[in-house]
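User: I am new to structures of this kind and would like a close look at a single part. Could you take me slowly through the surface where protein and DNA come together?

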There are 2 protein chains.
Amino acid sequence: MRNRSVTYSSEVTFQALSDPTRRAVLDLLRRGSQPAGHIAEAFPVSRPAISKHLRLLRRAHLVREHREGRNRIYQLNPEPLRSVDSWIEQYRTFWSHSLANLKSFVEAEHAKEMQASRKPK
Amino acid sequence: MRNRSVTYSSEVTFQALSDPTRRAVLDLLRRGSQPAGHIAEAFPVSRPAISKHLRLLRRAHLVREHREGRNRIYQLNPEPLRSVDSWIEQYRTFWSHSLANLKSFVEAEHAKEMQASRKPK
DNA sequence: CACTCGCGTAACTGTAAGGTTACGTATAAT
DNA sequence: ATTATACGTAACCTTACAGTTACGCGAGTG
């Protein structure tokens with residue numbers, strides 16, 4: 001079967017992205033595939049900690065792993081980020097309206113205060 | 001500390017987005033501002049649970065709250081999602097220019113040049 | 001005034017997860 | 001055949017957090 005329409009659970013993807021270290025790992029892999037140990041050296045945490053992060057990233061299919069001798073090379077797979085992107089896509093139109101929303105918010109707050117001062121009791 | 005224009009910690013934002021219920025709340029608010037109780041009714045969990053989700057969303061500035069009588073109206077604020085979007089932006093080239101796609105892209109460019117120099121077939 | 005309604009918070013529980021150190025297992029080097 | 005290297009995994013601790021029930025408080029209503 002073609003690799004074409006693989007669907008990723010955005011659930012697992014979002015969860016994997018929720019940790020700053022994991023996002024940093026992805027950022028690192030953007031500059032090229034690397035062995036696990038080399039990735040671990042870039043962070044102030046222990047190697048097993050990175051190993052577990054990589055496990056989660058693997059589960060989310062955000063990285064792929066293959067062995068070269070006694071090294072395990074990790075490679076970025078940005079494909080699952082598409083579902084995140086498409087989720088955000090639905091909010092992109094709201095950005096332009098963001099100012100208007102803020103305006104109505106402020107007006108509502110203002111109205112509240114006016115109401116409060118109108119009844120000085 | 002620099003008082004720069006409103007900047008959002010993508011840390012808190014990503015964390016807030018990591019929970020499926022919270023994302024669903026945002027999806028709900030996309031269709032209009034609503035009081036907390038009304039939001040809670042849309043989910044199979046208790047009202048206090050939603051209240052705590054709303055608290056996290058507030059902390060991430062993804063929603064705003066204002067009071068109307070004894071109701072608390074929650075409003076979507078998509079602004080922090082921009083930082084998420086700009087993070088993903090750096091990966092967008094990776095999936096639109098995967099190796100196979102890059103190959104066909106180059107070939108297409110080449111074909112276009114050939115077309116331009118000769119006559120369209 | 002008392003009463004209800006809407007909603008947040010406190011207190012508690014179960015579970016996931018990030019961190020550590022210690023250990024196991026291949027592979028490479030000597 | 002040792003020994004070192006590059007990992008992952010197990011066991012453990014601690015914190016975060018999603019869920020619950022019980023309660024408190026301000027805002028409307030009679």
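Analyst: A residue is near a strand if its C-beta atom, placed from the backbone, lies within 6 Å of that strand. This is a predicted model, in which local features need pLDDT of at least 70 and side-chain atom pairs count only at pLDDT 80 or more, while totals for chains, interfaces and linings use all residues. Residues are numbered from 1 along each chain as its sequence is written, and chains are lettered from A and ligands numbered from 1 in the order in which they are written.

Let us begin with DNA strand C, which is surrounded by 21 residues, the nearest being A:Ser46, A:Gly69, B:Pro35, B:Gly37 and B:Pro48. At least two residues of this surface come from each of helix 4 of chain A and, in chain B, helix 3 (36–41), helix 4 and strand 3 (71–76); helices (H or I, at least four residues) and strands (E, at least two) are DSSP runs, numbered from the N terminus. Sorted by class, the surface near DNA strand C holds eight nonpolar, eight polar and five charged residues, where Ala, Val, Leu, Ile, Met, Phe, Trp, Tyr, Cys and Pro count as nonpolar, Asp, Glu, Lys and Arg as charged, and the others, Gly among them, as polar.

Turning to DNA strand D, we find 22 residues around it, with A:Pro35, A:Gly37, A:Pro48, B:Ser46 and B:Gly69 the closest. Here chain A supplies at least two residues from each of helix 3 (36–41), helix 4 and strand 3 (71–76), and helix 4 of chain B likewise gives at least two. In fact, helix 4 of chain B provides the largest share of the surface near DNA strand D, namely five residues. The classes on this surface are eight nonpolar, eight polar and six charged residues.

It is worth following helix 4 to what comes after it in each chain. In chain A, the loop between helix 4 (47–59) and strand 2 (63–68) contains A:His61, whose phi is near 60°, a positive value in a residue other than glycine. A:His61 counts as partly exposed because it has 16 C-beta neighbours inside 10 Å, and that class lies between buried (20 or more other C-beta atoms within 10 Å) and exposed (12 or fewer), with C-beta atoms placed from the backbone. In chain B, B:His61 sits in the loop between helix 4 (47–59) and strand 2 (63–68), has a positive phi near 60° although it is not glycine, and is partly exposed, with 16 other C-beta atoms within 10 Å.
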